[in-house]
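Please read the following alongside the sequence and the coordinates. The text goes from one chain as a whole to a metal site and then to some single residues.

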Amino acid sequence: MWATATRRMASAFQPKSHSSAALTFELVGKCSTTRARASILTLPHGQVNLPIFMPVATQASLKGLTPEQLEGTGCRLCLNNTYHLGLKPGQEVLDAVGGAHKFQGWNHNLLTDSGGFQMVSLLKLANVTEEGVRFLSPHDGSPMLLTPEHSMSLQNSIGSDIMMQLDDVLVTTHPDKARMKEAMERSVRWLDRCIAAHKYPERQNLFCIIQGGLDLEMRRECCREMVARDTPGIAIGGLSGGEAKDDFCRVVATCTELLPELKPRYVMGIGYPEDLVVSVALGADMFDCVWPTRTARFGNAITKHGVLNMKREVYAADYGPIEDNCGCPCCRPIEEEGALGITRAFIHHNAAKETVAAHLLTLHNVWYQLNLMGRARDAIVADRFPAFLKEFFAGLYANKKDYPSWAVDALRGVGVDLLEI
Amino acid sequence: MTIDIPSQDPESSTPTAMRFEVLKNLAKDAATTASSRLGHLSLPGRRPLETPNYIGVTSRGCLPHLTPDNVTKHLQTSAAYMSLEDFIEKPQQNSARPPPIFAAPTSSKLPTPLHAFTAMPSSIATILGARRIPAVASPMGNTNKSISVFTNTGFQPLTTTDYLSAVSTLKPDISIPLADLTNSNITPNSKRALRMAERTDEWIVDWFSSPDSSATATFAPVLPVSYSMQWEYLSRLSEDYVPTSQLSGLALYDPALLPDLPAPLLSLPRLSLSAPATPHQVLQHISLGIDIFTLPFINTISDAGIALDFSFPASPNPSSSAEGILPLGTDLSSPEEMLGWTLLQIHNHSIVSQFFAGIRRVLGGEAGEEEFEKARNGFLRAYEADFPAGHAERPRARGYQYKSVGGGEPKKNKPAWGKLGPEGSEEGVETPVVPEGKEVEEKGFAENVPKE
Ligand SMILES: [Zn+2]
């Protein structure tokens, strides 16, 4: 009976879609309780299912995995850092070889950031003016400038399927409201400059980035301004900093309420599993974070029962897989095709000693994140997403009293009570 | 000339027969003196090894930077050297726990505990020795019944009985029994050298008298001391263990011993543990008669950020008539060419595989030995004598073999957001995943602001 009801509800949904020059967004399911959505995003290098987690695949994070290993995790859209590609191989080489897809041997979709945030976070001496982001070259100390126009030019050379506008990013907890407003308004002006400078709107999608810190009115104003500029997709930026999670949820919920239904919504820089599922419930579709790959280098495995540190002595003689019932190449049963037969004992043996342990944990962690979003999507399509949320939190915490209050509150706001029996 | 060495695995009673076939001897006096040759080594269930060739050197059971799927897909290597000292540390918090590798459950896909614990693909043959290559010299010294090994938690003794028991449990395809070595560049005085030979001789007798040794193919150590010091030991090998087929091969710590090997030992495969530093030395050792090399330089070169670039025979270099000018590799800590360690390892292993394939082609040619010596001289003339110095930062967490480096530092900043795991799980030592070169130029990134 329950299954019949599910099928009826699922089939009641009529797919709707919207196309821009280089992107089609097809909404294929909506949760009847929360704001969660399931959709298909068609990009120049193929289709991806939303909600989606995008691993960060340049330099310091995924570099240990080959493109075919990344492909093997099921990843079809990953993030590249413009800052790193601009340094190596550099714009000239990218132009000569025809972009980052060819340079990296990656035939699926790429999303690039603007390069600005990397600079602000990597190079502490960056300084933002109306013209762009100024900083001193780490090489010889000479002054450099990244403008919206130059960011577009670089991302055009990279050839990413989704490119991000250069924005004026502040930490959300920045105390100066006037500076926050200036940053928000400047980001809108820079979006106009990015749109004007973007050379290939027919084959690359430029996403705007909503700014405004934790000030919900400022966020609303930014949403209105950005939405009016009709970019093919919309990002919510400036989060993932030091803000309280309640504030984070309020910002996401405030923005998704104002955003057009038939455009993808990308919450930048978040990656903890609870953050992902709560954000999906609040109506977000896309996420990226270096955490799953970075934490792998500390010997941490992401599992449905939380993060397990494989360096702990308790795993030294544990011959089980990293996570039971995980389908990743490390964990799937040894007799299956492509199974590697990796045990917790072997990861323990080499965690923080050989890079191979980090590579294997990266394979597992990326698989976990992609699979989590895939399962969330299946639940949305079957209209059983509230039950999925309850199962998810029950897997993480043995006792309901340990559930994080921010998640309980945020989900209550969209009609799901995690604590009800 | 073919020798079959059948041996019986007492537990599963499946034969672990290693076969080594000499396909072509190059020197006329090959029956009496070691010299270069072409061979074929096979083990049931493993990739065959065409010789001369090299095998991978593992660290803690891994071919550094290469996950097992990458080993299967991207490496031509047929075998991997593993050292027992990489697996038998005694953790401070639980010093009584037996090394977990001994209880690793096997499966049809990973059929031995050694394969199963390390997830080394079963197509790769395993060769077990006690020490890493190169081994760290121990301040403790060896005893009549044990050698001192260096584990992740420090030096500890390894007895001959424990080593044999480890071999019988782990079931490596090939094992090298313990040798009494100093692991030092200083030549031992004749008293010490004699004792090394005597102990190694006693240990090999114990080894072969135990039924446990029949679970593996035994490559007996040949000591890095002069023939006159170890002739009795070598005679015992040829007189007692060649006729019984208990001895499957030789593991040489110094190729200089090759010309002195007694004739009955010449049909056995010859594995080098001497860690030649360059391809030039490899070529010289092939002339002397080495069949199989362990080449730790591949790992160190990759860690240093160097992409190997040489071939045998050296391709003619039209751009120059000068000699000895071709670099053996390129330092990739330059901006355009930075690759990850994984890709560097795949590349460097591939270059070395092709180098040996080239050697075998020349040796197999009509004018075999003469052609090889000509090509070897051509190689010596064409390439620089050593690898370029690398500038990439080494993997600091590789750990204990770089004693001065030690562990990493705990992270300075706590993540601002909460975490899922147990408190403190994010802290501790990070495994570096990319070589971090010196910071590179901002080529193409942002614009230089013209100075007023
Ligand atoms: Zn897994």
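**A guided reading of the model**

In chain B, residues 36-308 are 28% helix and 22% strand, and the C-alpha atoms at the two ends of this span lie 25 Å apart. Helices (H or I, at least four residues) and strands (E, at least two) are DSSP runs, numbered from the N terminus. An unreviewed UniProt entry annotates this span as "domain: tRNA-guanine(15) transglycosylase-like"; UniProt positions are given in the numbering used here, feature names are shortened, and annotations may be inferred rather than shown by experiment.

This is a predicted model, in which local features need pLDDT of at least 70 and side-chain atom pairs count only at pLDDT 80 or more, while totals for chains, interfaces and linings use all residues. Residues are numbered from 1 along each chain as its sequence is written, chains are lettered from A and ligands numbered from 1 in the order in which they are written, and side-chain values use heavy atoms, with hydrogens and water left out.

For the complex, the predictor gives an ipTM of 0.90 and a pTM of 0.90. The pLDDT, which is the predictor's confidence in each residue from 0 to 100, has a mean of 83 in chain B, where 79% of the residues reach 70 or more. It stays under 50 over residues 334-338 of chain B, a stretch with twelve contacts beyond four places in sequence in the model; contact means heavy atoms within 4.5 Å. The pLDDT is also below 50 over residues 396-427 of chain B, and that stretch has 72 contacts beyond near neighbours in sequence.

Chain B as a whole has nine helices and 17 strands. Of its 452 residues, 55% are buried, where buried means under 20% relative accessible area, exposed over 50%, and partly exposed in between (1.4 Å probe, protein chains only). Taking the contacts in chain B between residues at least 6 apart in sequence, 69% join residues at least 24 apart. The chain exposes about 18,400 Å², with carbon and sulfur atoms supplying 53% of that area; accessible areas come from the Shrake-Rupley method with a 1.4 Å probe, and for residues only the protein chains shown count as cover.

Turn now to the metal site. Which protein atoms are the donors of the zinc ion? They are SG of C326(A), SG of C328(A), SG of C331(A) and ND1 of H364(A), at 2.0 to 2.4 Å from the ion. Donors are N, O and S atoms within 2.8 Å of the metal (3.2 Å for Na, K and Ca); water is not among the atoms, so sites may look incomplete. The four donor atoms subtend angles of 105 to 118 degrees around the zinc ion, so the arrangement is tetrahedral. Four donors count as tetrahedral if all angles lie between 85 and 135 degrees; four count as square planar and six as octahedral if opposite donors are over 155 degrees apart and all others between 65 and 115; anything else is irregular. Along the chain the donors follow the spacing C-x1-C-x2-C-x32-H.

UniProt, in an unreviewed entry, lists C326(A), C328(A), C331(A) and H364(A) under "binding site". They gather at one spot, because no two of their C-alpha atoms are more than 8.3 Å apart although they span 39 residues in sequence. C326(A) is buried at 8% relative accessibility, and C331(A) is buried at 7%.

C328(A) sits in the loop between β17 (306-309) and α13 (344-350) of chain A, and is buried with a relative accessible area of 0%. Beyond four places in sequence, C328(A) is in contact with L363(A), H364(A) and W367(A). H364(A) belongs to helix α14 (residues 355-381) of chain A and is buried at 0% relative accessibility. Among the residues that H364(A) touches are A301(A), I302(A), T303(A), I322(A) and E323(A).

The "active site" annotation in the unreviewed UniProt entry covers D113(A) and D288(A). These residues are spread over 176 residues of sequence but cluster in space, with a largest C-alpha distance of 10.6 Å. D113(A) is in the loop between β7 (109-112) and α6 (116-122) of chain A and is buried, with a relative accessible area of 11%.
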